[in-house]
Amino acid sequence: MSEARQRPRAPPAALVPSPAALLQAVDIHRAQASRRIDPARRSELGQFLTPPRLAAFMASLFQELGGSVRVLDAGAGVGTLTAALVAEACSRPDRPTDILAVGYEIDPGFVNTLSEVMRACRDACRAAGVAFRGRAVRADFIAAAVEELSRPTPRARFSHAILNPPYKKLGARSATRRALRRAGVEASNLYAAFLALAVRVLEPGGELVAITPRSFCNGPYFRAFRALFLREMSLRRVHVFESRSAAFADDDVLQENVILCGVKGAPPGAVLVSSSRGPDDAPTAARLVAYAEVVRPDDPERFIRVVPDGAGKDVADTFARLPARLEDLGVSISTGKVVDFRARGLLRPEPAADTAPLIYPAHLDAGVVRWPRPGKKPNALVDCAATAHLWMPSGTYVVVKRFSSKEERRRITAAVFDPAVVPCARVGFENHLNVLHRRGAGLPPLLARGLRAFLSSTLVDTYFRQWSGHTQVNAADLRNLTYPPLEVMERLGARTGDRALGQREIDSAVEEALGVDAARDMTGPSRIPAWPPDGEDMKS
């Protein structure tokens, strides 16, 4: 690849290839490469290639692309993101003097195409009067970055990073996790590892734009990553896609995605939070908000809250006014103790004299636990010395599914276990349930019913989605919620009773108990900044 030392003379603007032309050429390579990928190989690498419109939108979000640009594209694929950045930089009035682009790609099937794309970028830069050097590096980015960061004085420093990292879980004892720890990075997923290392090799003041799953915004598995990212980077833009399938429609990816833009080492400032259905659509909402509204300074979990519209802010404000946490209500939460594959020989399809009830997520129905129920799941566990540590004493509990399916309308599914309905001396809860209890025993019935109604409300569902981008409901998430005071919870429990309730009845009861107009809070109008009508010139 060419390594021009001097800036070429800039041609007339009319002769400069359009950004769309470069991306259209690159997209031909992307489409061909995507068809060649073996599905098993794609799953192994966890990589999905970036569509050109999405890449162009991401590149448009960089604030500065003048002077000398040194860009990192980690997990580069065929180089669509690098091409998008080059096209964006060459189309701006203040073009860079030179661009150094380094693309890391581990898949040998992509590296040759990545080299071709680097040459296309060189040609586009030459036409725009910008010096360009491109390197297509066939290497494991994590291994290369860890090695670089292990040097007494790391050499590689980038002014820009643009990433669509691979998505794949990392085993706690894997070689990759051990390597990351040597670089001071703790990450449970490849995408978090790539982002953390990209942050580490950015120079102070460097900019990062990345598209990732939204799952890192909350939960214990990404706590260490959030701490590192938010310590090093100042968020400037957060954009979410409302459709799970729109961002990577060509690859049938069902994933809630978020685009992050940040500046390394900058003081916290205002953050533009926006949303759209997909990369080809105008935004449905956008707000410029204080940094503390996105990352609350009093939140030890450092959850990242994405609230792009005024209606969502009304909901967030409602929860900011609620005074209680679970501990203030005298409520503890833990996961169910029964891991069924470890007790396989002691599971029973039907109750018997030597068993006690075993409650699965399948037993939850319209806010109540219905037991026993016919189906694939067992209904009982043998009560013996081997299972003695798995029981909880009979009492009134609130159980919440730890995982919801993508088809369910509510992220949080809560129900009351009522010992009057399921008479027993003890009960077991399967590990896919969160169990709300009081010091290992049951809750007061009115409090339990109030919690069930509150957690099942549209208000809570709307708020929960502001910082949870996946279908898992962790105990830490429920601890992080704010709740009405005890007397309001008990009044709500008395109002809703122990029967199955419809959604409108639940929402009406919660709205009345909190003294808020939930319908207004969740659907009120909000101002949306103007957006480029053609979707091409998308400057942040």
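The following dialogue discusses how to read several features of this predicted model.

User: How many helices and strands does the chain contain, and how much of the chain is buried?

Analyst: The chain has 17 helices and 20 strands. Of its 540 residues, 57% are buried. Sequence separation is also informative: among contacts between residues at least 6 apart in sequence, 78% join residues at least 24 apart.

User: How should a nonpolar core be read, and which residues have the most contacts inside the largest one?

Analyst: In soluble globular proteins, nonpolar side chains tend to be buried together. Here the largest nonpolar core has 55 residues, and Leu197, Leu208, Phe229 and Leu235 have the most contacts inside it. Helix H8, residues 190-201, supplies the largest share of this core, with eleven residues. Beyond four places in sequence, Leu197 touches Phe141, Ile142, Ala145, Val146, Leu149, Leu180, Ala183 and Val185. Another core, of 43 residues, lies apart from that one; Ala414, Phe454, Val460 and Leu478 are among its members.

User: Why is helix H13 described as largely enclosed by the rest of the structure?

Analyst: One counts the buried residues along the helix. Helix H13 spans residues 458-467, and eight of its ten residues are buried, so the rest of the structure largely encloses it. The buried residues are Thr458, Leu459, Val460, Asp461, Tyr463, Phe464, Gln466 and Trp467.

User: Which residue forms an aromatic pair with Phe319, and how are the two rings arranged?

Analyst: Ring pairs are read from the distance between centres and the angle between planes. The whole structure holds 16 aromatic pairs. In one of them, Phe319 and Tyr463 are stacked, with 4.1 Å from centre to centre and 5° between the planes. This pair links distant parts of the chain, since Phe319 lies in helix H11 and Tyr463 in helix H13, 144 residues apart. Both residues are buried. They also belong to one aromatic cluster, together with Phe303, Phe454, Phe464, Trp467 and Tyr483.

User: What should one examine around a buried charged residue such as Arg296?

Analyst: One looks for a partner of opposite charge, and then for other polar partners. Arg296 sits in the loop between helix H10 (291-294) and helix H11 (310-321). This buried arginine has no salt bridge: Asp298, the nearest side chain of opposite charge, is 5.5 Å away, whereas a salt bridge requires a distance within 4 Å. The side chain of Arg296 does make a polar contact of 3.3 Å with that of Tyr463. Apart from neighbours within four places in sequence, Arg296 is in contact with Arg302, Arg305, Ala316, Ala320 and Tyr463.

User: Is Ser60 buried or exposed, and what does its side chain reach?

Analyst: Relative accessibility settles the former point, and polar distances the latter. Ser60 is buried because its relative accessibility is 1%, below the 20% cut-off. This serine belongs to helix H3, residues 52-60, and its side chain reaches the backbone oxygen of Phe57 at 2.6 Å.

User: Where is Leu322 found, and what is it in contact with?

Analyst: A residue's contacts can bring together parts of the chain that are separated in sequence. Leu322 is in the loop between H11 and strand S10 (332-335), and is buried, with a relative accessible area of 12%. Leu322 and Thr482 are 160 residues apart in sequence, yet their C-alpha atoms are 5.7 Å apart. Leaving aside neighbours within four places in sequence, the contacts of Leu322 are Phe454, Thr482, Tyr483, Pro484 and Leu514.

Note on methods. Residues are numbered from 1 along each chain as its sequence is written. This is a predicted model: local features need pLDDT of at least 70, side-chain atom pairs count only at pLDDT 80 or more; totals for chains, interfaces and linings use all residues. Side-chain values use heavy atoms; hydrogens and water are left out. A nonpolar core is a set of buried Ala, Val, Leu, Ile, Met, Phe, Trp, Tyr and Cys residues joined through side-chain atoms within 4.5 Å. Buried means under 20% relative accessible area, exposed over 50%, partly exposed in between (1.4 Å probe, protein chains only). Helices (H or I, at least four residues) and strands (E, at least two) are DSSP runs, numbered from the N terminus. Contact means heavy atoms within 4.5 Å. Lys and Arg count as positive and Asp and Glu as negative; His and the chain ends are not counted. A polar contact is a pair of N or O atoms within 3.5 Å; within protein, one must be able to donate a hydrogen and the other to accept it, and residues adjacent in sequence count only if both atoms are side-chain atoms. Rings of Phe, Tyr and Trp (its six-membered ring) pair if their centres lie within 6.5 Å; planes under 30 degrees apart count as stacked, over 60 as edge-to-face and the rest as tilted.
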